[in-house]
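Thank you all for coming; before I begin, please bring the sequence and the model up on your screens, and I will go through some local features, the metal site and the cavities in turn.

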Amino acid sequence: MTDFFAGIPQITYQGPDATEDFVFRHYNPDEVVMGRRMEDHLRFAICYWHSLAWPGGDPFGGQTFLRPWFGDTMADAKLKADVAFEMFRILGAPYFCFHDVDVRPEGASFAESTRNLEEITDIFAEKMQAGGPKLLWGTANLFSNRRFMAGAATNPDPDVFAYSAATVKTCMDATYKLGGENYVLWGGREGYETLLNTDLGRELDHMGRFLSMVVDYKHKIGFKGTILIEPKPQEPTKHQYDYDVATVFGFLQRFGLEKEVKVNIEQGHAILAGHSFEHELALAASLGVLGSIDMNRNDYQCGWDTDHFPNNVPEIALAYYEVLRAGGFDTGGTNFDAKLRRQSLDAEDLILAHAGAMDVCARGLKAAAAMLEDGRLEAARQARYAGWDKPEAKAMLQGDLDSITADVLARGLDPQPCSAKQERLENLVNRFV
Ligand code: XUL
Ligand code: CO
């Protein structure tokens, strides 16, 4: 036990009328929503990087958080692990996620970094067996160290490709050992700063080959989890190759990996790409690649990837509506890829940020389930496409331009538009959120 969270109670469900701060008002893990426990729907994960490893910097200033484990020794990493699992317990979080660099100090060599990761993996395994949370996903940080300045798999230097591939192998090994349910690849610096020095075609070829090796290795070691790519359009590079869901799907198809790899969709990244979160979710679901979500929000004025904790129930309801329509999560879940504001210095800020975000997600989930159970939205959608249920409409799709033209002439077609009823549907949604 550390004393970092001293005085902070275990967060439990107390209902919407509770007056204390350290409670859940809406997240009731055992409450059944559409036939499934709320905990099993939402599958919350706490991320190690923002909650335990991030020092609170922004482009204008450095560290604001003074955590007792901020150092680069194994003793620091072990203290951090103790605090992390205390935090998971206080919040009743069923999952966590990490990058290699979040959990272990960098060694003097690749071999030493790997040994450090293995030692921490063993500590995690013990803590998980002793009632700690499960691992939603593991991943490799292939973007912070200066060696990855020009990318990992897409680096012009083949030695960096090699270092990156070997690093991913060690992170997949750790994820496999800990029973991780997914493995994530976010293309940190897989992109470019300027086309003037970039061989775009070659970089994309290398990225495809890299991903194929990751998939092969998954099968080689018998990892049953899902490989996920996390799209993002810009930041840190001017152009990220994994721009959005549509771009990633095209990339997967090109390398024959669309049945092997799914996507981890982040709210803030969707907005940066000029989409809504629900657009990215609906598209992924319709392409059969919806895997998991990173839940957060960006500041709409600041316009960059600020990774705030989510707090907008109507937005989240529409997101979970798409998740529920797609049948809910399989191996995926809701990872809070969200960080405190840099002035939120206290241990209790970490707990309250997550407790509030879990409540907001629970409200969104319940609203989404109520909309689906009500059925009017789906009925309206179906009615709009009802013409396509007719046998002659289906037959048309088997025809060609000649046969269709003959039919238009024979039936003297003159299609008349009808209302899409957008405001009526928006009013309906507002009754639930
Ligand atoms: C960066 C981001 C990452 C990934 C994991 O914007 O979202 O934290 O989720 O590498
Ligand atoms: Co993310």
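In which loop is Met34 found? Met34 is found in the loop between strand E3 (32–33) and strand E4 (36–37), where helices (H or I, at least four residues) and strands (E, at least two) are DSSP runs, numbered from the N terminus.

A word on conventions: this is a predicted model, in which local features need pLDDT of at least 70 and side-chain atom pairs count only at pLDDT 80 or more, while totals for chains, interfaces and linings use all residues. Residues are numbered from 1 along each chain as its sequence is written, chains are lettered from A and ligands numbered from 1 in the order in which they are written, and side-chain values use heavy atoms, with hydrogens and water left out.

Let me start with the backbone. Most residues other than glycine have a negative phi, and most peptide bonds are trans. Met34, however, has a positive phi, near 45°, and is partly exposed with a relative accessible area of 37%; here buried means under 20% relative accessible area, exposed over 50%, and partly exposed in between, with a 1.4 Å probe and protein chains only. Asp307 also has a positive phi, near 55°, and lies in the loop between E13 and helix H11 (313–325), but Asp307 counts as buried because its relative accessibility is 5%. The peptide bond from Glu235 to Pro236 is cis, with omega near 10°, and Pro236 sits in the loop between E10 and strand E11 (239–240).

Now the metal. Which residues are the protein donors of the cobalt ion (ligand 2)? They are Glu230 (OE), Glu266 (OE), Asp294 (OD) and Asp337 (OD), lying 1.9 to 2.1 Å from the ion, where donors are N, O and S atoms within 2.8 Å of the metal (3.2 Å for Na, K and Ca), and water is not among the atoms, so sites may look incomplete. Of these donors, Glu230 in strand E10 (residues 226–230) and Asp294 in strand E13 (residues 290–295) link distant parts of the chain, 64 residues apart, and both Glu230 and Asp294 are buried. The site has six donor atoms with angles of 80 to 171° among them and is octahedral, a term that requires opposite donors to be over 155 degrees apart and all others between 65 and 115.

Finally, the enclosed space. On a 1 Å grid over the protein atoms alone, a cavity is a set of points where a 1.4 Å probe fits but cannot get out, and lining residues have an atom within 4 Å of a point; grid points are joined across faces, edges and corners, and a volume is the space filled by probe spheres set on the points. By this rule there are three cavities of 30 Å³ or more. The largest has a volume of about 230 Å³, and of the 20 residues that line it, the closest to its centre are Leu185, Trp186, Gly187, Glu190 and Phe210. Strand E8 (182–186) and helix H7 (200–221) each supply at least two residues of that lining.

The second largest cavity holds about 50 Å³ of space, and its lining includes Pro231, Tyr243, His269 and Glu266, the last of which is also a donor of the cobalt ion (ligand 2). Strand E12 (261–266) and helix H9 (267–272) each give at least two residues to the lining of this second largest cavity.

Note on methods: 1 Å grid on protein atoms, 1.4 Å probe; cavity = no way out; pocket = protein on both sides within 12 Å on 5 of 7 lines; lining within 4 Å. Tetrahedral: all angles 85-135°; square planar, octahedral: opposite > 155°, others 65-115°.
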